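Colleague: I'm new to reading structures, so could you walk me through this one?

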Amino acid sequence: MKKQILALAAVASLALAACGGDAPAATSDPTGGATTGAGENVTLRWWHNSNNSPGKEYYDKVAADFEADNPGVTIEVTAMQHEDMGTKIEAAWQAGDMPDIYMERGGGELAAKVEAGLVKDLTEPSAEAIEKLGGSVAGWQVDGKTYALPFSMGVVGFWYNTELFEKAGVTEAPETWTDMFAAIDKLKAAGIEPIAVGAGDKWPAAHYWYYFALRECTGDVLDEAVKTLDFSDQCFVRAGEQLEKVIAAEPFNAGFLTTPAQAGPTSASGLLATGKVAMELAGHWEPGVMQGLTEDGKGLGDKTGWFAFPQTEGQQGDPSSALGGGDAWGAPADAPDQAVDFINYLLSDEVQTGFAENDMGLPTNPNATSAVSDPALADLLKVRDSAARVQLYFDTAFGQAVGGAMNDAIALMFAGQASPQDIVDATQEAADAEK
Amino acid sequence: MSQTTAAPPKGASEGVVEGGRSEERPPVTRPRKPRDWKMVVEIIAFTAPALILFAMFVVWPMLKAVQFSLFRWKGFGPLVDFVGLKNYISVLSNDVFIGALGHNLFIVVASIVIQLPLGIAIALLLNRKMRFQGILRTVVFVPYVLAEVIAGVVWFQLLQPKYGVIDSMLAVVGLQGPPQGFLGTPEYALWTVMVVITWKYLGLAIILFLAGLQGVPEELHEAAQIDGASWWQTQWHITIPLLGPTLRTWAFLSMVGSLQLFDMVWILTKGGPANATTTMATFLINEGTKRSNYGIAGAASVILFVIALTMALLYQRFVLRRDHATDEPKEKSR
């Protein structure tokens with residue numbers, strides 16, 4: 001409660017921006033006059049988040065290989081912790097001092113940047129890679145043009161502790177919510193907390209609503225909603241009604257309203273990793289996160305199981321549709337052409353195979369997917385690759401302003417203070433403010 | 001200029017300058033132009049770095065905040081979408097912000113109501129001669145020295161429902177914490193945060209009050225004792241009134257801090273559950289960094305600033321002024 005707080009609260013969000021002043025973001029050239037054309041010396045700045053072994057060494061080698069094949073190109077690699085990188089990228093956009101290759105989350109945030117003319121169009125220079133990646137690039141396309149290439153993509157599903165399931169007598173992974181409610185009852189009867197959810201961070205709670213929307217809404221409705229920000233279709237209300245039923249069954253860990261997603265052993269991931277709850281809805285990152293939260297560094301180890309989000313009765317969405325998302329490489333509009341060459345190289349069979357072998361993520365290049373060795377991740381990969389639709393997380397797809405309002409309203413429902421209609425109304429209100 | 005100051009003998013030059021100037025200006029001061037000029041340069045040279053830093057890191061961001069608050073801005077690209085006062089209207093008509101303002105005011109009042117009597121009582125006790133006085137004072141002050149983030153994380157773990165230390169202790173005496181935990185239940189969350197804040201900041205109040213007690217003359221106590229006053233009467237009628245200026249200054253710091261409260265709330269609850277502990281500061285951080293509504297965040301920060309400034313000025317005008325007023329007549333009478 002001292003002066004630091006003034007600094008934090010009143011200045012934090014603004015000071016960063018102020019440092020950049022009014023420098024026009026789109027026209028400044030951070031590389032100091034790097035121009036195109038063969039034979040000239042170009043320095044490319046690349047920010048990535050593989051800051052520990054073996055990913056960091058692998059990416060250093062990738063950069064060195066590219067330099068060797070492209071004389072005159074120097075790559076300045078900066079490896080950062082994931083959240084730090086996110087903050088730094090945000091500040092770099094505000095200051096107009098972006099690296100030449102950066103990680104792009106796609107969706108509404110990307111669309112806004114495209115509208116401001118800040119991102120390089122990769123449609124032509126990366127045509128070959130885009131062809132190979134197929135539907136995965138959808139989340140990074142705006143008006144039919146591609147602005148970033150996803151290099152790792154996964155889907156969200158339930159991670160569970162096979163041992164605890166056995167103990168409670170749940171022999172088969174639930175396929176429908178009827179099965180799921182039965183499993184919840186069995187787990188509770190055995191004295192086991194069924195599900196961990198980090199509703200303190202809001203997005204883990206919001207993933208439930210997203211998934212029910214995916215089950216209840218047809219693909220056309222969702223495509224239309226992303227485009228027009230219109231949530232009047234009743235399927236969005238039904239998504240909330242389904243979620244209400246889940247909350248009413250009280251399957252969640254004690255104190256879930258303040259539980260963080262991944263920070264520390266008492267977070268949702270920590271509770272799963274230490275065997276205190278039976279399952280958690282999370283993405284492909286979960287095994288890695290759990291490894292970091294256990295003393296032996298193994299997470300749940302061979303007790304790790306995975307199943308897809310259960311189906312609901314009478315749903316209109318395609319049963320194979322999955323909620324997911326990934327990380328993509330993009331370049332600012334003013335980046336030199338060699339940046340695009342490097343992005344294409346990062347998506348090549350060779351680099352993506354090494355990426356998979358080093359367990360750095362789930363490759364998007366189909367020629368590299370066989371290199372994924374972890375059995376649970378291989379299961380997940382099958383679901384991803386056979387999905388009729390991989391829906392980008394709604395908070396990303398709709399952009400932070402709409403997504404944030406949506407997440408806040410869903411968190412309110414978890415606290416018993418919002419109805420299915422309230423979620424739709426809050427989202428629509430934020431969407432209307434965007435128009 | 002260097003010739004006039006350096007060359008002639010001291011006495012002579014002073015005489016000339018003084019004589020020449022005395023007709024133009026009143027003779028009370030001894031104006032020596034070269035030195036005046038030098039002083040100005042010196043003042044500029046010494047204050048410039050601080051002023052530049054102040055302008056860069058305080059004035060400039062503040063002006064920027066005002067500028068952002070008038071635009072719809074997502075955090076990148078040029079400022080083009082001018083919306084006038086729309087952001088202010090949307091902040092002031094936002095239920096969450098109004099709730100946050102209410103929480104801030106609750107914390108302002110609760111801090112004073114809880115910490116003031118507790119702080120005075122403990123300070124009076126610690127001011128008596130006793131064994132382990134030094135150690136006790138240190139113990140009381142330790143929470144204040146801890147970084148806010150660390151204190152927050154520790155309390156978050158202590159307050160974990162089911163697995164946390166507090167719930168385990170309650171279980172020993174046969175009680176049970178709320179199922180969502182003290183931080184996760186909207187009805188208790190703000191009070192729980194208040195308890196942690198009290199734990200954290202009581203030490204500061206006590207140390208300030210102890211310092212104030214050093215300024216209460218011993219003779220007054222002795223005189224009172226001779227007149228037959230009890231210990232309690234002495235404290236109530238002499239010590240506490242003389243502690244007035246310290247109490248008022250502490251209350252001022254407490255008020256300003258409560259209005260700007262951010263870190264402890266962010267770590268314990270992030271403003272949740274169901275916005276039960278949102279403060280104006282967590283609201284604006286959420287709007288800015290989580291929702292990319294930098295215009296709204298700018299407007300909220302300006303509103304927070306205006307509220308804090310207004311309350312500070314009013315306090316200065318009506319409360320702290322008493323302390324200045326008692327000094328002034330003395331100065332004049334001399």
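Modeller: Sure, with one definition up front: helices are DSSP runs of H or I with at least four residues, strands are runs of E with at least two, and both are numbered from the N terminus. Also keep in mind that this is a predicted model.

Colleague: Okay, let's use that. Where is B:Asn275 placed?

Modeller: Phi of B:Asn275 is near 60 degrees, which is a positive value in a residue other than glycine. As for its place, B:Asn275 sits in the loop between α13 and α14 of chain B.

Colleague: Is B:Asn275 buried, partly exposed or exposed?

Modeller: Buried means under 20% relative accessible area, exposed means over 50%, and partly exposed is in between. B:Asn275 has a relative accessible area of 26%, so the label is partly exposed.

Colleague: And B:Ser292, is that buried or exposed?

Modeller: B:Ser292 also isn't a glycine, and has a positive phi of about 60 degrees. Its place is the loop between α14 and α15 (294-333) of chain B. With 7% relative accessibility, against a cut-off of under 20%, B:Ser292 counts as buried.

Colleague: Which kind of peptide bond, cis or trans, runs from B:Gly272 to B:Pro273?

Modeller: B:Pro273 is in the loop between α13 (263-268) and α14 (280-290) of chain B. Omega for the bond from B:Gly272 to B:Pro273 is near -15 degrees, and the bond is cis.

Colleague: What does UniProt have on chain B, and how much of residues 188-211 is helix?

Modeller: An unreviewed UniProt entry lists several stretches of chain B as "transmembrane region", including 138-158 and 188-211. In the model, residues 138-158 of chain B are 90% helix and 0% strand, with end C-alpha atoms 23 Å apart. For residues 188-211 of chain B the end C-alpha atoms are 35 Å apart, strand is 0%, and helix is 100%.

Colleague: Over to chain A. Which parts does the disulfide of A:Cys217 and A:Cys235 tie together?

Modeller: A search of the whole structure turns up 1 disulfide over all chains. Its sulfur atoms, from A:Cys217 and A:Cys235, are 2.0 Å apart. A:Cys217 is in the loop between α8 (203-216) and α9 (219-228) of chain A, and A:Cys235 is in a helix of chain A, so the pair ties together parts 18 residues apart in sequence: that loop and helix α10 (residues 235-248).

Colleague: Which strands stand at the edges of the open sheet in chain A?

Modeller: The order in this sheet of 4 strands is β8-β9-β7-β10 (chain A), with mixed pairing. Each edge strand has a single partner, so one side of it is left without a neighbour in the sheet; the edge strands are β8 (193-196) and β10 (304-307) of chain A.

Colleague: Then what is the bridge partner of A:Trp159 in β10(A)?

Modeller: Strands of a sheet pair through backbone hydrogen bonds, either parallel or antiparallel. Here β7 (residues 157-161) of chain A and β10(A) run antiparallel, joined by 4 bridges. Within β10(A), the partner of A:Trp159 is A:Trp306.

Colleague: Last one: which residue's backbone oxygen does the side chain of A:Thr364 reach?

Modeller: A:Thr364 is placed in the loop between α14 (349-357) and α15 (375-386) of chain A, and is buried at 3% relative accessible area. Among the residues A:Thr364 touches are A:Leu133, A:Phe151 and A:Arg384. At 2.6 Å, its side chain reaches the backbone oxygen of A:Pro150.

How values were computed
Residues are numbered from 1 along each chain as its sequence is written. Chains are lettered from A and ligands numbered from 1 in the order in which they are written. This is a predicted model: local features need pLDDT of at least 70, side-chain atom pairs count only at pLDDT 80 or more; totals for chains, interfaces and linings use all residues. Side-chain values use heavy atoms; hydrogens and water are left out. A disulfide is a pair of cysteine sulfur atoms within 2.5 Å. UniProt positions are given in the numbering used here, feature names are shortened, and annotations may be inferred rather than shown by experiment. Buried means under 20% relative accessible area, exposed over 50%, partly exposed in between (1.4 Å probe, protein chains only). A polar contact is a pair of N or O atoms within 3.5 Å; within protein, one must be able to donate a hydrogen and the other to accept it, and residues adjacent in sequence count only if both atoms are side-chain atoms. Contact means heavy atoms within 4.5 Å. Two strands pair if DSSP finds at least two bridges between them. Lists of a residue's contacts leave out its neighbours within four places in sequence.
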